[in-house]
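Welcome! Please take a moment to turn the model around on your screen, and then we will walk through it together.

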Amino acid sequence: MRRLHDSGMGVKRIAAALSRSTDTVSKHLFKKNTTKKSKGRPKHSIRTPKGFLAAQRAYKKLLKSSGGTKEVTAAMLKSEMKLTCDIKTVRRAFAENGYQFRPLYEKPDLSDGDKKERLQWAREHKHRSPSQWSQYVHACMDNKVFQVLPNAKYRKVAAKRKVRGVYRKRKRDFSVGHVKPSNPKVLKQSSGRGSVTIACAIGAGKVLLWHQVVGRWNAAAAGRMYSGALQPALKRAYPSARGKFRVMEDNDPTGYKSRSGMAAKKSAGIQTLDLPKRSPDLMPLDFAFWANLNKRMRGQEKDWPASKTETRAQYLARLRRAALATPSEYIHSIMGSLHKRCGLLVEAKGGHFAEGGGNCARARFRRAAAARFAAGQGGGRPRRAAGRGGGRPVAARASVDPRERRGAREGSQSRSTIKTNPCVHRPCGYRASRRSRKYLILAL
């Protein structure tokens with residue numbers, strides 16, 4: 001619009017060319033600068049881009065020197081930078097740039113040796129595709145302690161602990177819905193029915209082993225589990241397998257790495273794919289399966305009456321049924337996600353990496369578009385396949401002469417009654433894409 005006016009066109013001609021009123025064109029061409037001068041004292045230097053960049057560097061320096069053993073506050077940053085402003089000004093500068101005081105991530109404490117071991121493990125296995133992981137590893141093995149929840153009181157406590165948060169103002173509110181029970185590791189609540197240790201193995205798209213440990217989990221219990229439960233389960237799942245079975249497990253010194261456990265695995269023909277130390281983010285049962293199982297258990301209980309109770313045997317039977325009912329596609333997907341996690345671990349150089357969010361629709365679309373672009377098919381949305389909606393295959397459509405396709409399209413439009421808009425000479429209901437509208441505005 002400004003370009004057309006600078007070239008010598010008047011307001012009326014511009015309005016006629018753009019199908020706009022003269023008032024709209026005049027408003028955009030001759031609008032006045034209505035910005036007001038700010039009153040009061042100027043902002044402190046820490047609230048300017050250059051000053052906040054210096055504050056970021058100082059804050060990172062304090063975090064590094066603390067080693068994560070103490071909390072770095074706004075007062076410490078003010079003292080480090082020798083600022084004369086109030087502490088509230090420092091906090092306001094962080095808030096204006098999108099920084100808020102947030103809880104720390106709870107992750108295993110990794111030493112330099114742990115990071116080196118994790119990085120080496122990821123480099124050795126990152127070449128395996130998602131489908132290859134289900135074939136390379138016969139089973140993923142892990143133990144889990146479940147508390148028996150016999151009545152509505154303890155089922156309610158377990159459901160409350162899964163609530164992540166609530167929308168509220170800064171003012172403290174301890175009413176119903178704003179408080180949840182403490183972590184069971186900090187404050188335990190005994191249900192009177194005790195707990196149970198479960199040894200579980202997944203593979204071949206199903207739960208291969210659901211073994212209830214009798215008594216304490218130790219070397220003798222591990223030996224009985226390997227020879228009496230895991231070996232028969234692997235033979236049933238892989239009847240034509242040759243050689244030893246490959247089982248992924250962590251570094252549990254009590255059972256898995258005990259002398260009795262190692263001897264039982266050797267006699268049962270089981271070789272292990274050992275995970276690096278302190279790496280629950282590489283065990284499918286730890287980063288996905290257990291949480292999914294607990295979620296489905298709480299989903300079964302949400303519509304139960306408050307008077308419903310369960311015995312210990314009934315609760316354990318329901319827990320076993322829920323585990324065995326895990327969809328095959330889900331087990332294949334979490335085992336195949338090790339391909340992505342190995343890549344993220346290499347990028348993080350053996351350190352912690354961001355988990356979750358990879359299954360949303362937008363992330364799946366980005367991965368599919370990247371795969372198509374790498375294969376030379378271009379990005380964007382996938383083309384409609386043959387057999388859906390009556391369309392021809394992509395190869396067949398590409399082989400049609402463009403002139404023939406254009407003629408067929410024009411013929412079909414001439415046979416139909418299309419109401420057109422005289423201003424834009426396009427069918428009513430036509431909506432240009434966002435990109436085309438942007439280029440049209442830039443051109444004008």
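Let us begin with a term: a pocket here is an open set of grid points, where a 1.4 Å probe fits, with protein on both sides within 12 Å along at least five of seven lines. Keep in mind too that what you see is a predicted model.

With that in hand, look for the second largest pocket, which holds about 2,100 Å³ of space. Its lining is made up of 41 residues, and those closest to the pocket's centre are Tyr59, Gln100, Phe101, Arg102 and Pro103. Three elements each give two or more residues to this lining: helix H4 (49-66), helix H5 (74-81) and helix H6 (87-96). Of these, H4 supplies the largest share, with 6 residues. What kinds of residues line the second largest pocket, by class? The lining has 17 nonpolar residues, 16 charged ones and 8 polar ones.

Now step back to the chain as a whole. It has 444 residues, and 31% of them are buried. Following the chain along, you will pass through 19 helices and 7 strands. Among contacts with a separation of 6 or more, 67% join residues that are 24 or more positions apart. On the outside, the chain exposes about 31,300 Å², and 53% of this area comes from carbon and sulfur atoms.

For a view of the interior, find Leu234 in helix H10, which covers residues 219-237. Is Leu234 buried or exposed? Leu234 counts as buried because its relative accessibility is 0%, while the cut-off for buried is under 20%. Leaving aside residues up to four places away in sequence, Leu234 touches His138, Ala139, Leu208, Phe245, Val247 and Ile270. Another residue to locate from here is Gly203: it lies 31 residues from Leu234 in sequence, and the two C-alpha atoms are 9.1 Å apart in space.

Let us finish with the cysteines. How many disulfides does the count come to? The count is 0, where a disulfide would need two cysteine sulfur atoms within 2.5 Å. Take Cys200, which is in no disulfide: the nearest cysteine sulfur belongs to Cys140 and is 9.8 Å away. Cys200 has a relative accessibility of 0%, so this residue counts as buried. Cys342 is also at 0% relative accessibility and therefore counts as buried.

Key: Residues are numbered from 1 along each chain as its sequence is written. This is a predicted model: local features need pLDDT of at least 70, side-chain atom pairs count only at pLDDT 80 or more; totals for chains, interfaces and linings use all residues. Side-chain values use heavy atoms; hydrogens and water are left out. Buried means under 20% relative accessible area, exposed over 50%, partly exposed in between (1.4 Å probe, protein chains only). On a 1 Å grid over the protein atoms alone, a cavity is a set of points where a 1.4 Å probe fits but cannot get out, and a pocket is an open set with protein on both sides within 12 Å along at least five of seven lines; lining residues have an atom within 4 Å of a point. Grid points are joined across faces, edges and corners, and a volume is the space filled by probe spheres set on the points. Helices (H or I, at least four residues) and strands (E, at least two) are DSSP runs, numbered from the N terminus. Ala, Val, Leu, Ile, Met, Phe, Trp, Tyr, Cys and Pro count as nonpolar, Asp, Glu, Lys and Arg as charged, and the others, Gly among them, as polar. Contact means heavy atoms within 4.5 Å. Accessible areas come from the Shrake-Rupley method with a 1.4 Å probe; for residues, only the protein chains shown count as cover.
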